[in-house]
Amino acid sequence: MQQITSLPADDAQCGWYHLSPKRQPRQAPVGDISAPWVIIGAGYTGLAAARQLALNFPDQEIVLVDAQEVGFGTAGRNAGFAIDLPHDIGADDYIGDLDTANTNLKLNLMGQNVLRRIVEEQQIECQLRACGKYQAAVEDKGVAVLDAYRRGLDKLGQPYEVIEAQDLPAHIGTSFYRKALFTPGTILVQPSALVKGLADTLPANVTLYENTAITEVDYGSKVTLTHRYGQIIANKLILANNAFGMRFGFLERTMLPIFLYASLSRQLTEEEQERLGGKPFWGVIPADPYGSTVRRTVDNRILMRNSFSFNPDGRPKSECIPTAKKRHRESFDRRFPMLPDVGFEYTWSGSLAISKNHEGFFGQLGPNVYGALCCNGLGITRGTVTGTLLADWVAGKSGELTEHLLASPGPNKLPPQPFLSMGVNATLWWGQRCAGMES
Ligand SMILES: Cc1cc2nc3c(=O)[nH]c(=O)nc-3n(C[C@H](O)[C@H](O)[C@H](O)COP(=O)(O)OP(=O)(O)OC[C@H]3O[C@@H](n4cnc5c(N)ncnc54)[C@H](O)[C@@H]3O)c2cc1C
């Protein structure tokens with residue numbers, strides 16, 4: 001019997017969660033139940049795996065469990081960029097090996113298509129807009145990143161538009177940036193509304209249990225999962241719980257739970273929208289990975305995302321929120337001096353799973369245990385496609401994309417504590433310091 005030594009416990013301040021439609025969470029089962037398939041984690045990966053598994057095994061019950069309410073966890077608290085293009089931060093031109101980049105592009109496009117199809121078919125109200133994204137720079141090294149990525153996009157044959165400083169206000173209102181690379185393929189969403197909608201439109205043979213933290217696991221000919229009100233006995237288990245997968249005895253010391261912070265402003269008045277100018281909604285990602293992500297949402301709010309912390313237990317640190325909010329304010333004021341009175345209504349944190357080699361895990365973990373884990377920061381498209389393909393693979397279906405995922409070496413081993421925390425904290429501190437005006 002293995003105790004799960006840390007459980008998700010996100011803060012209650014996520015703006016996307018509070019502003020998305022209210023729904024009744026499906027409570028934990030009382031007493032013991034059994035099912036052929038159990039999936040742990042109802043984020044993008046688990047929701048996609050459950051939906052596809054239900055299609056592949058229409059006569060079997062698929063149980064999907066999450067420790068929190070759907071839309072409350074990381075899947076509902078991200079910046080909402082469903083990104084198509086690969087971005088290999090280890091390569092000079094951010095594209096690197098062309099075959100790998102092309103396969104990653106296909107994976108991301110498949111993830112986007114899966115999401116878009118469900119949203120359209122099920123009429124999920126999640127502010128989905130296929131409006132592309134701007135990658136913007138303000139310092140010399142940021143501009144150099146954009147130039148290098150442009151070379152990579154040429155190599156990959158993907159379209160982009162270079163937008164110079166004087167033209168940027170017509171796009172995004174602010175004249176803060178020196179240059180941007182607009183790529184048309186990104187889709188923006190309200191992430192909490194999206195995952196709530198995905199959960200409420202699952203096939204009839206999926207049973208969802210929310211607020212059902214798995215606290216113990218026993219691996220045998222069947223997998224026994226213990227929660228507060230009883231046990232769930234599974235013939236086969238799929239782990240779709242990102243860095244918390246390590247707590248289930250697999251991939252130990254391979255994934256880093258890195259916390260990111262975001263703030264969402266109040267709605268802009270019509271007069272403030274006039275003052276801001278630019279397009280009615282857009283998304284900017286920074287040239288420097290430690291910089292700020294910014295969005296103007298469909299309902300006329302501004303999202304600011306920057307600041308990082310390493311929380312090894314995967315749980316938030318409430319003391320970091322005021323510092324992050326202060327940084328968000330400074331970053332907002334630099335970009336939007338024309339909106340001095342626009343305050344933030346919400347500030348929250350959420351965790352990513354990052355590996356040192358930027359690889360995720362996909363495949364079999366044990367005799368009757370499978371997993372799609374370690375989002376590396378791009379879970380909206382990646383989680384969706386890996387969850388879908390894993391559900392196909394366990395049903396005996398495979399293709400070029402699945403083979404590519406199976407061939408990955410997976411996330412590599414990290415140093416032990418205390419060296420790990422010392423190294424990660426120093427890297428985050430230095431990265432944020434060097435981001436300068438990009439943050
Ligand atoms: C501020 C922020 C901004 C981001 N921006 C973007 C972005 O713009 N685009 C993008 O693609 N990605 C972004 N991300 C990353 C993205 O949110 C993740 O990659 C994505 O949520 C991963 O999806 P997942 O389904 O694999 O895992 P998760 O969404 O982490 O879901 C795992 C689930 O497992 C559950 N769980 C864990 N342990 C247990 C247990 N013991 N029992 C039961 N349930 C358990 C958790 O409650 C959780 O709901 C961002 C993240 C943050 C925090």
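Biologist: How far does a polar side-chain atom of Thr45 lie from an oxygen atom of the ligand?

Modeller: A polar contact is a pair of N or O atoms within 3.5 Å, and here a polar side-chain atom of Thr45 lies 2.7 Å from a ligand oxygen. A backbone N or O atom of Phe81 lies 2.8 Å from a nitrogen atom of the ligand. By the Shrake-Rupley method with a 1.4 Å probe, the protein covers 96% of the 1000 Å² of accessible area that the ligand has on its own. This is a predicted model, in which local features need pLDDT of at least 70 and side-chain atom pairs count only at pLDDT 80 or more, while totals for chains, interfaces and linings use all residues. Residues are numbered from 1 along each chain as its sequence is written, and side-chain values use heavy atoms, with hydrogens and water left out.

Biologist: Which residues of helix 4 are buried?

Modeller: An α-helix has 3.6 residues a turn, so residues three or four places apart point the same way. In helix 4 (helices being DSSP runs of H or I with at least four residues, numbered from the N terminus), the buried residues (under 20% relative accessible area, 1.4 Å probe, protein chains only) include Val145, Leu146, Tyr149 and Leu153.

Biologist: What do the buried residues of helix 4 pack against?

Modeller: Taking contact as heavy atoms within 4.5 Å, they pack against helix 3 (98-122), strand 5 (133-137) and strand 7 (179-183), strands being DSSP runs of E with at least two residues. Just after helix 4, Gly157 takes a positive phi of about 70°.

How values were computed
Buried means under 20% relative accessible area, exposed over 50%, partly exposed in between (1.4 Å probe, protein chains only). A polar contact is a pair of N or O atoms within 3.5 Å; within protein, one must be able to donate a hydrogen and the other to accept it, and residues adjacent in sequence count only if both atoms are side-chain atoms.
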